[in-house]
Amino acid sequence: MPSTPDHKFISETFPAPVMPACSIIKLLKGQKALVTGASSGIGRAVAIALGHAGADVAVNFVSGPDAAEEVAAEIRRCGAQAITVRGDVGKEEDVEAMFARVIAEFGTVDVLVNNAGIQKDAPFHELTLAQWQRVIDVNLTGQFLCSRAAVREFRRRGVNKEISCAAGKIICVSSVHDIIPWAGHVNYAASKGGVAMMMKSIAQEVAPFRIRVNSVSPGAIRTPINTEAWNTPGAYADLLKLIPYKRIGEANEIGRAAVWLASDESDYITGTTLYVDGGMTLYPGFETGG
Ligand code: BGC
């Protein structure tokens, strides 16, 4: 078995592929997308990737309007429309107002990316009800409220063949922790496990209306949510023990998966989870153990 090389060696030897901005193939041309939590991290990368693929994008944020505006500007630079829309996905009135605004501006919504998510970590015996509830509110209830609003719009409109074979697509950004238990993060893992079963149950119910619902489950992706896991050589070396592919993921790799799941290229796919994790879900301990 090869030993795990150090941080510097890895980052120089196995970089993530660099893709051209503003893709020439506009897979999502004419589609209207809403991405929640899109002012930073994975949501930002997904919003930009959808925009580069030709979709008009509503960039949701809860705080930091300037960062959301930058994301919208990058989308416009590539020729698509973009708006920013504030709203806390855990609050029903915010979600309803957000959808009303996006539909008023864009005419409809074809793609929802349920991305907004937070961590509030604590040892289980110290986990407060407030920490539990806030994570469930944003990560699980937020995905429920946004999915319900999207399905109502998809059913109202039905299929517009000029735009897509499907009446609508929902992409739930989940996590490898929808199947990998995570000590010290019980609220977060419970919320993502909930997303996995919610996604499949909605998919089963709405498939006859030609609405597709899938998850993308990222592993360790270089974003602000997990800085401590990669920003020192020691932490990065420890992280690599969990990743058979031996590099951290980049946010735009989730963006590319989302573009594909939103496009007609994946038209026969519903109710599935696409793990984008460098093999983190492959029980890496068994590489040498067992
Ligand atoms: C979490 C990250 C973590 C990754 C892999 C994600 O869902 O948000 O903090 O690094 O899972 O454990």
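This is a short tour of a predicted model, one selection at a time.

**The whole chain**

Start zoomed out with everything shown as a cartoon. You should be able to pick out 8 helices and 7 strands. Turn on the C-alpha trace and line it up with its principal axes: the atoms fill a box of roughly 55 × 45 × 40 Å. The radius of gyration is 19 Å, and because a compact globule of 290 residues would come out near 19 Å, the two agree.

Now switch to a surface. About 13700 Å² is accessible, and carbon and sulfur atoms account for 59% of that. Colour by burial and 49% of the 290 residues count as buried. If you draw contacts between residues at least 6 apart in sequence, 74% of them join residues at least 24 apart.

Next, colour by charge. There are 28 positive and 30 negative side chains. Mark the centre of each set, and the two marks sit 4 Å apart.

**The cysteines**

Select the cysteines and show their sulfurs. How many disulfides are there? The count is 0. Click on C146 to see a case in point: the closest cysteine sulfur belongs to C172 and is 10.0 Å away, which is too far for a bond. C146 has 0% relative accessibility, so it counts as buried. Hop over to C165 for another setting: at 33% relative accessibility, C165 counts as partly exposed.

**Two loop residues with positive phi**

Some background before the next clicks: most residues other than glycine have a negative phi. Go to the loop between α6 (186–206) and β6 (211–218), where you'll find R210. R210 is not a glycine, yet its phi is positive, at about 60 degrees. Is R210 buried, partly exposed or exposed? With a relative accessible area of 43%, R210 is partly exposed.

Then jump to the loop between α7 (233–240) and α8 (251–262) and select K246. Phi of K246 is also a positive value, near 60 degrees, in a residue other than glycine. Check the surface around K246: its relative accessible area is 15%, and the cut-off for buried is under 20%, so K246 is buried.

**Along and around α6**

Move to helix α6 and pick A190. A190 is partly exposed, with a relative accessible area of 31%. Draw a distance from the C-alpha of A190 to that of V135 and you get 9.3 Å, for a pair 55 residues apart in sequence.

Now slide to the loop between β5 (168–173) and α6, and select S175. At 4% relative accessibility, S175 counts as buried. What is S175 in contact with, once neighbours within four places in sequence are left aside? Show Y188, K192, V216, S217, P218 and Y275 as sticks, and you have the list. For one more distance, go from S175 to S215: they are 40 residues apart along the chain, with C-alpha atoms separated by 8.8 Å.

**The loop before β4**

Select T108, which is in the loop between α4 (92–106) and β4 (111–114). T108 has a relative accessible area of 11% and is buried. Expand the selection to what T108 touches, not counting residues up to four places away in sequence, and you pick up K32, V102, I103, E153, R156 and R157. A distance drawn from T108 to A150 spans 9.5 Å between C-alpha atoms, though 42 residues separate the two along the chain.

**Helix α5 and a long distance**

For the last stop, show helix α5 (residues 129–157) and click on Q131 within it. Leaving aside neighbours within four places in sequence, Q131 is in contact with K120, D121, A122, E126 and N187. Finish by drawing a line from Q131 to P244. How far apart in space are their C-alpha atoms? The line comes to 32 Å, for two residues 113 apart in sequence.

Notes. Residues numbered from 1 in each chain as written. Predicted model: local features only at pLDDT ≥ 70, side-chain atom pairs only at ≥ 80, totals over all residues. Heavy atoms only, no water. Helix = DSSP H or I, 4+ residues; strand = E, 2+ residues; numbered from the N terminus. Rg over C-alpha atoms; globule rule 2.2 N^0.38 Å. Buried < 20%, exposed > 50% of the residue type's maximum accessible area, 1.4 Å probe, protein only. Contact = heavy atoms within 4.5 Å. Areas by Shrake-Rupley, 256 points an atom, 1.4 Å probe, with all protein chains shown as cover. Lys, Arg positive; Asp, Glu negative; His and termini not counted. Charge placed at Lys NZ, Arg CZ, Asp CG, Glu CD. Disulfide = S-S within 2.5 Å.
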